[in-house]
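User: I am new to this structure and would like a close look at a single part of it. By class, what makes up the lining of the second largest pocket?

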Amino acid sequence: MTNPNFNYSSTRYFAAYTEAVFTYMLFVDGLSQYPRRLDMDAARSFFQFGKMPSGFHRASQPLSSVGNAKESDELITSRPDITPGYNNGKVNSFIAQPLTASFDTCHAYEAFVELVVQLYPNTTGDLLNALKTNLHYFYEGFTAANCTEVLI
């Protein structure tokens, strides 16, 4: 409401939901009787104190981009009142941009790579090699979704 340059683009919209889902998929005790529920003690241990909770067990299944996308889509569907959009240069001037599709894992991957590449224009040498290596590792998390690797 108070930022005239506020921009909640579709890419950021999907990233926000993916980040929320990632939290309760990754930081939940694998032996918990309440799957997909991050309890407050564990949350404080991770985020306030920066350490694993005592007696914490990893999840019984690995995370996957496909599972994360499914969970993200469920969360998005549960809140149709939240949409991407932007303020048009004035405070409290939000213009909603309705979604035309559900979460697309490969599009999110491609948008992320595009953003990273924009952050490092004209990169050469060791930094370019490091970006290529790290973006390849990032891509490996999307192979189950049959995404095409974006090469830089």
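Analyst: In sorting residues by class, Ala, Val, Leu, Ile, Met, Phe, Trp, Tyr, Cys and Pro count as nonpolar, Asp, Glu, Lys and Arg as charged, and the others, Gly among them, as polar. On that basis the lining of the second largest pocket has eight nonpolar, six polar and three charged residues. The model is predicted, with local features needing pLDDT of at least 70 and side-chain atom pairs pLDDT 80 or more, while totals for chains, interfaces and linings use all residues. Residues are numbered from 1 along each chain, and side-chain values use heavy atoms, without hydrogens and water.

The second largest pocket (on a 1 Å grid over the protein atoms alone, an open set of points where a 1.4 Å probe fits, with protein on both sides within 12 Å along at least five of seven lines) is lined by residues with an atom within 4 Å of a point. The space in this pocket comes to about 370 Å³, a volume being what probe spheres set on the points fill. Of its 17 lining residues, Met 25, Arg 36, Ala 59, Ser 60 and Gln 61 lie nearest the centre. Two elements, α1 (10-26) and α3 (65-78), each give two or more residues to this lining.

To place the pocket in its setting, the chain holds five helices and three strands, which are DSSP runs of at least four residues (H or I) and at least two (E), respectively. Along the sequence they follow the pattern β-α-α-α-β-β-α-α, and the C-alpha atoms fill a box of roughly 50 × 45 × 30 Å along the principal axes. The three strands form an open, antiparallel sheet in the order β1-β2-β3, where pairing requires at least two DSSP bridges. Because β1 (7-8) and β3 (94-96) stand at the edges with a single partner strand each, one side of each is left without a neighbour in the sheet. Between β1 and β2 (residues 85-87) the antiparallel pairing runs over two bridges, and Asn 7 has Tyr 86 of β2 as its bridge partner.
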